[in-house]
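Dear colleague,

I am handing over the structure we spoke about, which you will find just below. My notes on what was found in it follow.

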Amino acid sequence: MDSTLQERARATRRSLLEAAALLFAEQGYAGTSVNDISARSGRTSGAVYFHYASKEGLALAVVQHRFATWPGLAARYTDRAEPPLEKLVALSFDIAHALAEDPLARAGARLWAERDTIDAPLPDPFALWTTATTRLLAQARTAGHLTPHIRPAPTARSLVRAFFGLCTLTEALEGPTAVTARLTDWWLLTLGSLQQRPDSAGVLRRVRARGERAGLRMGAACGE
């Protein structure tokens, strides 16, 4: 296949993936048909089956493309000068921002929640998220930032599950744009129980300042 045909195939796959993600996020898996995806993308249903074989294949691709790869965001937070808890908070806002505004991320989350209706095994991202969170909590404990009773591994499991539950329930009750504001409330409450010397507002203020310097949209996320 020459470079022009390869680029055309990549463009087709991308347009199908984006159309499917928008529809899955809006209508759910059961409410979306291959014909819907074809119409939204401007491609034929034959193109859907050629590139993804089935609706299940498209659902799997959506989850793999964004939702299951979120743990990789942790790789952005390797600056040893930045306190581990602040890296954890910043990472959570990255994910919350994606849940609010990235159609692929939103579709991936909804598809994972509806996984029992999909005839394909979807990747489980929570083990990787928990590993990344455990690592940051362990670093915080080594640095003397955690209260003595905090154990990184079980605390990470609780934080990851509580975070995803917060995002899911907030979207259901208030819509996706409220997620980052509710996450601020959650961290103000949660950080106080984690830190050796509680400073929840200071952590959020510093995370916001770093985000602004990096050109990220952190104002709403950090409660101002």
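To begin with a single position, T147 lies in the loop that runs between α7 (126–142) and α8 (152–174); please keep in mind throughout that this is a predicted model. With a relative accessible area of 12%, T147 counts as buried, because the cut-off for that class is under 20%. When its neighbours within four places in sequence are left aside, the residues in contact with T147 are S193, L194, Q195 and Q196.

Turning to the interior, the largest nonpolar core is made up of 59 residues, and those with the most contacts inside it are F24, I37, V62, V89, L111, L183 and W187. Helix α5 (residues 84–101) supplies the largest share of this core, namely nine residues. As for F24, its contacts, again without the neighbours within four places in sequence, are Y29, T32, I37, K55, L58, A59, V62, A107, R110 and L111.

Helix α5 also packs against helix α6 (residues 103–113), at an angle of about 90° and with the two axes 6 Å apart. Since angles of 65 to 115 degrees count as roughly perpendicular, α5 and α6 are therefore placed in that class relative to each other. On the α5 side the contact is made by A98, L99, A100 and E101, while α6 contributes P103, A105, R106 and A109. Sorted by class, the residues in this contact of α5 with α6 are six nonpolar and two charged, with no polar ones.

Best regards

Definitions and conventions
Residues are numbered from 1 along each chain as its sequence is written. This is a predicted model: local features need pLDDT of at least 70, side-chain atom pairs count only at pLDDT 80 or more; totals for chains, interfaces and linings use all residues. Side-chain values use heavy atoms; hydrogens and water are left out. Helices (H or I, at least four residues) and strands (E, at least two) are DSSP runs, numbered from the N terminus. Buried means under 20% relative accessible area, exposed over 50%, partly exposed in between (1.4 Å probe, protein chains only). Contact means heavy atoms within 4.5 Å. A nonpolar core is a set of buried Ala, Val, Leu, Ile, Met, Phe, Trp, Tyr and Cys residues joined through side-chain atoms within 4.5 Å. Axes are lines fitted to C-alpha atoms, for helices over the stretch in contact, and angles run from 0 to 180 degrees between N-to-C directions. Angles under 35 degrees count as roughly parallel, over 145 as roughly antiparallel, 65 to 115 as roughly perpendicular and the rest as oblique. Ala, Val, Leu, Ile, Met, Phe, Trp, Tyr, Cys and Pro count as nonpolar, Asp, Glu, Lys and Arg as charged, and the others, Gly among them, as polar.
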